[in-house]
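Dear colleague,

I am handing over the structure below, together with some notes on what was found in it. Please keep it open beside you while you read.

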Amino acid sequence: PADYQFYSKRINNLVCTSGEAILKVDASIDKRFNDSDSIVAQAIHSSMCVPLKPRNETIGVLYVDNLSMSNVYSDEDVEFLTALANQVAIAIDNAQLYKKMQEEAVIRDKLERFFPETVSRKLREEGHLEIIDTEVTALFSDISDFTKMSSTMEPRQVIEMLNEYFKVMVEEIVFEYEGTLEKYIGDALLAIWGAPY
């Protein structure tokens with residue numbers, strides 16, 4: 001059942017709060033846990049609990065208990081569980097860091113597609129944009145007679161030409177002068193200066 005408590009919350013919370021490992025020879029006679037329902041109800045005897053602590057913060061615990069015998073676990077068992085907990089904590093921390101790096105890479109990629117590096121760096125550092133009234137300069141640029149010209153070209157040639165054109169327009173003109181690329185529209189682009197910074 002969802003409400004079934006199969007471990008001692010008191011022991012887990014104590015380790016979570018203190019960040020220190022606990023080894024109990026017989027938790028059922030430890031005065032600190034007299035009012036613990038789970039220890040009494042389940043007749044928890046031996047138990048050990050160690051923190052998952054990759055840095056300074058405890059992110060969880062590893063908990064082991066024995067419901068029938070006292071004095072089952074030794075200091076060596078706690079050392080082993082601590083070593084295991086350290087490996088688990090590092091693995092969890094690495095997974096979280098990797099996920100965060102992936103999310104930041106996606107955000108950076110999106111920002112750098114439309115903003116010059118200095119603006120995207122400022123956006124990442126500040127993390128938000130405010131509504132402001134300001135004067136901006138807008139550039140709407142397209143290729144003259146593009147439809148007529150592209151009708152005489154192979155599709156691959158059209159793509160290569162557009163890639164080359166947009167590379168020059170965006171990297172050497174818009175971003176070079178700290179403009180913001182608003183959007184691509186076929187063979188055209190819209191860029192502005194004066195916003196967001």
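The notes below cover one helix, one of its neighbours and the salt bridges.

This is a predicted model, in which local features need pLDDT of at least 70 and side-chain atom pairs count only at pLDDT 80 or more, while totals for chains, interfaces and linings use all residues. Residues are numbered from 1 along each chain as its sequence is written, and side-chain values use heavy atoms, with hydrogens and water left out.

Helix 6 covers residues 155-174 (helices are DSSP runs of H or I with at least four residues, strands are runs of E with at least two, and both are numbered from the N terminus). Its buried residues (under 20% relative accessible area, with exposed over 50% and partly exposed in between, using a 1.4 Å probe and protein chains only) include Val-158, Leu-162, Tyr-165 and Met-169. Seen down the helix axis, the buried residues fall within an arc of 140° (taken from the directions from the axis to the C-beta atoms), so they line one face of helix 6. On the other side, Arg-156, Asn-163, Glu-164 and Glu-172 are exposed.

Ser-141 lies in strand 4 and is buried, at 11% relative accessible area.

There are two salt bridges (a side-chain nitrogen of Lys or Arg within 4 Å of a carboxyl oxygen of Asp or Glu) in the model. In one, Asp-93 pairs with Arg-55, their closest N and O atoms being 2.9 Å apart; Asp-93 is buried, whereas Arg-55 is exposed. In the other, Lys-167 pairs with Glu-171 at 3.2 Å between the closest N and O atoms.

Best wishes
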